[in-house]
Structure formats: structure tokens, C-alpha cells
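Hello,

Here is the structure we talked about handing over. Please open it alongside this message; my notes follow below.

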Number of protein chains: 2
Amino acid sequence: MAKEMQREMQDVNEIRSNPARLAAYPALAARILVVEDEAALSMLLSYNLEAEGFTVDRVERGDEAEIKLSETIPDLVILDWMLPGVSGLEICRRLRARETTRTLPVIMLTARGEESERVRGLSIGADDYVVKPFSVPELMARVHALLRRARPERARGVLSVGDLDLDRQNWRVRRAGREVHMGPTEFRLLDHLMGKPGRVFSRAQLLDSVWGLSAEIDERTVDVHVGRLRKALSQGAEKDPIRTVRGAGYAFDETFGRDG
Amino acid sequence: MAKEMQREMQDVNEIRSNPARLAAYPALAARILVVEDEAALSMLLSYNLEAEGFTVDRVERGDEAEIKLSETIPDLVILDWMLPGVSGLEICRRLRARETTRTLPVIMLTARGEESERVRGLSIGADDYVVKPFSVPELMARVHALLRRARPERARGVLSVGDLDLDRQNWRVRRAGREVHMGPTEFRLLDHLMGKPGRVFSRAQLLDSVWGLSAEIDERTVDVHVGRLRKALSQGAEKDPIRTVRGAGYAFDETFGRDG
DNA sequence: TGCGCCCTGTCATCAAGTTGTCATGCAGCT
DNA sequence: AGCTGCATGACAACTTGATGACAGGGCGCA
């Protein structure tokens with residue numbers, strides 16, 4: 001358990017310190033509703049979820065959940081099977097009945113004795129279930145997995161401009177078909193610049209989005225990495241796709257590839 | 001897409017003992033006909049089957065099944081023993097009599113009291129039977145097992161890239177025709193990587209999908225297994241098919257086998 | 001039951017790749 | 001020319017990945 005936690009935390013810290021990857025990990029920006037009447041368990045869950053960067057709403061009763069859900073639709077719901085007010089089963093059913101929440105990921109918490117009921121839970125439309133007592137890291141893993149499935153591949157794909165291709169999924173950059181090697185930072189930098197061709201980013205902006213908001217780094221460092229990126233991209237004597245805007249910052253040249 | 005279909009070649013027993021893994025292995029894109037008059041059970045089955053990627057047709061009565069089967073021949077039939085209209089037994093007999101459906105896999109659902117009838121069911125030609133109430137994972141395992149047996153052309157499950165062949169059914173890996181020995185974990189790891197050539201998987205992703213969501217293991221362990229896999233694959237001095245992406249993870253090299 | 005063999009997860013250590021900073025030199029603008 | 005901003009090579013600290021060793025667990029076989 002401690003180890004899984006360690007792993008998740010490493011993951012999270014890595015991502016946190018690197019908001020550029022937030023897009024690939026929607027989990028962190030996600031809002032989770034925990035519906036659980038047992039206070040200790042509810043606390044435990046929200047503590048751990050928040051520690052991983054989730055925003056957590058907590059309610060104790062089934063009917064409170066209904067109200068909450070009518071106000072805000074979270075990205076995922078963790079639902080206890082047995083609840084005062086309206087049962088978790090019933091909430092799940094209603095979620096599935098409503099158009100806006102039909103695909104909302106739901107994780108059911110069931111007690112050991114109710115385990116046979118899990119089939120009912122799944123048939124109602126819960127996406128996953130966990131039997132109490134459960135391992136917190138395992139639940140976290142399931143949360144991540146569900147969120148990953150629910151909002152997949154938004155930030156995936158290939159960016160292509162001119163003879164330059166950046167493949168996020170395969171983590172590859174090619175120039176005129178030849179593979180180009182660069183460090184992770186240069187990769188993210190190029191990714192960011194290619195995302196908005198022509199747009200000029202200040203050094204401060206680049207630090208925020210490529211290095212992360214919490215990075216305390218000299219702005220001049222951006223220059224160095226742009227230099228490294230240029231060097232990597234210009235195998236031989238090819239055209240430089242990065243434009244320096246004196247006094248402002250850098251941009252991926254939107255005319256790159258259009259002319260000679 | 002064909003590769004998606006070649007999945008789920010896990011050992012049935014392992015799946016049975018680890019229901020969580022079911023979700024991790026998208027199933028064959030097969031069409032399954034469920035003939036069951038009890039609505040709740042029918043729902044349960046179709047939900048779970050669909051959750052694994054199957055296409056499901058549902059009918060409640062035996063005679064409806066006949067009609068459905070004359071329209072479309074599915075890849076597998078789940079048949080309740082007791083049915084209104086025409087009995088499951090009778091349907092099974094007729095399926096076996098017709099040339100086009102002679103080898104169509106059939107799973108019978110029987111109530112406990114009918115268990116003694118098993119022999120009759122099997123002698124009629126059902127390929128498998130399950131006693132109600134049954135465990136959903138177990139039924140899923142049987143479905144997979146039957147599909148694997150019945151559709152070797154689709155479920156043979158041989159992944160081939162370059163001089164590398166991974167045979168899921170026989171649990172074998174060959175490099176340039178020579179058999180390569182490796183542990184189960186390395187096998188699953190290779191399986192996973194070869195399933196999406198080129199795609200970079202983070203260590204956390206690999207832990208989730210190869211080790212399972214409930215595995216609480218240090219990320220570094222992935223390195224070790226990748227190392228073992230490489231060692232196993234590179235008998236002698238052959239090209240390494242696995243690409244390390246610094247700071248990101250590992251990928252099966254999609255250029256493997258294309259060039260020198 | 002006891003003995004090995006194989007598979008696994010973890011660790012320590014080594015090798016290699018990456019990173020942030022700086023000093024220096026060049027280039028652009030007034 | 002003079003000032004300011006940018007490019008670049010060097011570099012030491014730091015990360016990250018590869019690898020061999022090792023102990024524990026599981027399983028089959030005697």
C-alpha cells in the first residue's frame with residue numbers, strides 16, 4: 001500500500017511540476033463527488049483524492065447527492081452502496097437515465113456481504129466496484145483508470161507543420177522523415193510552440209506552461225533550450241522553424257513550410 | 001482493429017482468479033446472442049458482455065431465437081435451458097442439425113436442479129454450460145475460452161512484427177523462428193507493448209495494464225522486467241525491439257523490422 | 001516434508017543523458 | 001558607437017535508466 005502510494009505520488013508530483021502534461025492527465029483537474037455516509041471513510045477518501053490533486057465534493061446522504069448533482073456534474077462519482085436517503089443503486093440508476101450524466105464514471109463501494117449484489121450494480125451501470133475494506137491505492141488506481149478511459153486521447157495525436165512532425169503518442173519528432181532526437185524539455189517546448197503556430201510566447205509564459213507554474217528558473221534558461229531545440233531540428237542546414245521576437249519571446253514560424 | 005480482436009489470450013484460470021484483469025483486456029469484437037427470458041439476468045449478461053466489447057443481441061423466447069438466428073449468425077450463443085416457446089435444448093439440437101451453425105459455440109445456462117441434465121446438454125452439443133447462479137467473471141472466462149477455441153483464425157492471437165512472433169494461445173515467443181524463453185510477466189509486457197507498436201507507455205500505465213490495478217509495486221520494477229525482456233529477446237546480438245523514451249516510458253519500436 | 005528451480009520485486013551501483021547557469025561574443029536598434 | 005538583448009559553448013549538479021545481486025515465495029518432484 002505504501003508503495004503504491006509512493007508510485008502514485010511520484011506520478012502526481014511529476015505531473016504537478018509539469019502542467020504541460022495536465023492535458024494528458026485530465027485526472028488532476030478532475031472533480032470527484034464522494035457519496036459516503038461513514039464519516040471516517042469519507043474523510044479518508046477525500047484526503048487521499050485531494051492529495052492527488054482532485055477537487056472533491058463530499059455528501060453523506062443519497063438525497064444530498066441528488067441535489068449536488070443537479071448543481072454541478074463532477075467528472076467521477078464514488079458511491080457507497082448503502083446510503084441513508086436514497087440508495088447508491090438508485091442514484092446510479094438515475095444518473096444513467098439522465099442524458100447529461102449517462103456516461104459519468106461511477107465507482108461503487110460495496111461491503112463484503114453485499115458483494116453478490118455487485119452484479120446488480122454493474123448491470124445498473126456502475127463502471128467499477130470496490131469491495132470494502134479496500135486498499136486506498138487500488139481505489140486511486142481505479143479512479144485514474146476510469147478517468148483516463150472517460151476522457152481519452154484529447155492531447156494525443158500528431159502535430160505536423162511543413163516537414164516537421166511531432167508525434168505525442170509515440171513521443172517522436174521527425175524532420176523530413178528523419179528522426180530527430182531531443183531531451184524531454186525540448187520536446188515539450190516544441191510541442192507547446194507547434195500547438196499555436198505563429199503565436200509569440202514570452203519567456204515567462206513558456207516557463208509557466210512548459211516548466212510549470214512552480215518552477216523557479218531564470219528566464220535566460222529558455223534561451224538555452226530554444227537553442228538546443230534549434231540545434232536538434234536543424235540537422236545540417238535546414239530552415240529554422242523557430243522565430244525569435246526581439247524583446248518579446250519566441251514563436252513557431254507559421255510561414256514555416258509554406259515558402260522556401 | 002484486427003489487433004484489438006486478437007486480444008484476451010490470457011489463461012482462463014488467471015482471468016477467473018482476477019476479475020479486474022478482464023477490464024484490462026478488451027475482448028474480441030464478436031457478436032453474441034443471449035437467449036434468456038429472465039429480464040434481469042438478460043440485462044446483466046448483456047451489460048457485462050458489452051462492457052467487454054462484444055456486440056450483443058437479446059431475445060427472450062425460444063422461437064424468437066430461431067428467427068434471430070435465421071437472420072444473423074452470431075459468433076456465440078448463450079442459451080437458457082428453460083425457455084418459453086422452444087426450449088434451449090431444442091434450439092441447440094436444431095443449431096447442430098443445420099450446416100451453417102454446426103460449429104457455433106453454445107453455452108447453456110441451467111438452474112441447479114437441472115444440473116443432472118448436464119450430460120444430455122453436452123451430448124446434444126452444447127459446448128459448455130454454467131449453473132445458475134453463476135459468477136459473471138467465470139461466465140466471461142468461458143465465453144472467451146470458447147471463442148478462442150471456435151475462431152482460431154481470429155483468435156489465434158499471433159502478433160508478428162519483423163522477425164518477432166508472439167503466440168498468445170501457445171504462450172510462445174519466437175525470434176527469427178527460434179523459440180525464446182521468458183517469464184509470464186515478460187510475456188504479458190511484450191504482449192502489451194506489441195499491441196500498440198510505437199506507442200509510448202509510462203511505467204504507471206504499464207503497471208496498471210500488465211500488473212493490474214491492484215498491484216502495489218514500485219515503478220522501477222518495470223525497468224527490471226523490460227531489462228529481462230530485452231535480454232531474453234536479444235539472444236546473441238540482435239536488434240533491440242524495445243525503445244526507451246527517457247522521461248516518458250517504453251515502447252515497442254514501430255520501425256522494428258522495417259529497416260536495418 | 002524437504003530440496004531445488006524459477007519467477008519476482010527491491011536495491012545498490014554504475015553509466016549516460018539532461019538541465020540550469022554563466023561567461024563570452026555577436027547582432028540589432030537608436 | 002553604445003546599449004541591450006540574444007546565441008552559444010562550457011560545465012557541474014542532477015536525473016534517469018541499465019544491470020547484477022539477492023532474498024522471498026511458489027511449485028513441482030522426490
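B:G212 has a positive phi of about 105° and sits just after helix α11 of chain B. Keep in mind that this is a predicted model. The helix before that glycine covers residues 203-211 of chain B, and seven of its nine residues are buried, so the rest of the structure largely encloses it. The buried set is B:R203, B:A204, B:L206, B:L207, B:D208, B:S209 and B:V210.

Now chain A. It has nine helices and 12 strands. Of its 260 residues, 33% count as buried. Take the contacts in chain A with a separation of 6 or more: 57% of them come from residues 24 or more positions apart.

One sheet in chain A is worth a look. It is open, has three strands in the order β10-β12-β11, and pairs antiparallel. The edges are β10 (200-201) and β11, each of which pairs on one side only. Between β10(A) and β12(A) there are two bridges, in the antiparallel sense. A:F201 has A:Y250 of β12(A) as its bridge partner. Helix α7 of chain A, residues 184-195, lies across β10, β11 and β12 of that chain. The helix runs at about 70° to β12(A).

Next, the loop between β11 (242-245) and β12 (249-252) of chain A. A:A248 is found there. Is A:A248 buried or exposed? A:A248 counts as exposed, because it has 11 C-beta neighbours inside 10 Å, and the cut-off for exposed is 12 or fewer. A:A248 still has contacts beyond its sequence neighbours: leaving out residues up to four places away, it touches A:V200 and A:S202. Then there is A:F201. Its C-alpha atom is separated from that of A:A248 by 7.4 Å, with the two positions 47 residues apart along the chain counted as their distance apart.

Last, the DNA. Which residues are the closest to DNA strand D? They are A:D223, A:G227 and A:T244 from chain A, with B:G227 and B:T244 from chain B. In total, 16 residues surround the strand. The elements giving two or more residues to this surface are α9 (220-233) of chain A and α12 (220-233) of chain B. By type, the surface residues divide into four nonpolar, six polar and six charged.

That is the list. Over to you.

Best wishes

How values were computed:
Residues are numbered from 1 along each chain as its sequence is written. Chains are lettered from A and ligands numbered from 1 in the order in which they are written. This is a predicted model: local features need pLDDT of at least 70, side-chain atom pairs count only at pLDDT 80 or more; totals for chains, interfaces and linings use all residues. Helices (H or I, at least four residues) and strands (E, at least two) are DSSP runs, numbered from the N terminus. A residue is buried if 20 or more other C-beta atoms lie within 10 Å of its own, exposed if 12 or fewer, and partly exposed in between; C-beta atoms are placed from the backbone. Two residues are in contact if their C-beta atoms, placed from the backbone, lie within 7 Å. A residue is near a molecule or strand if its C-beta atom, placed from the backbone, lies within 6 Å of it. Ala, Val, Leu, Ile, Met, Phe, Trp, Tyr, Cys and Pro count as nonpolar, Asp, Glu, Lys and Arg as charged, and the others, Gly among them, as polar. Two strands pair if DSSP finds at least two bridges between them. Axes are lines fitted to C-alpha atoms, for helices over the stretch in contact, and angles run from 0 to 180 degrees between N-to-C directions.
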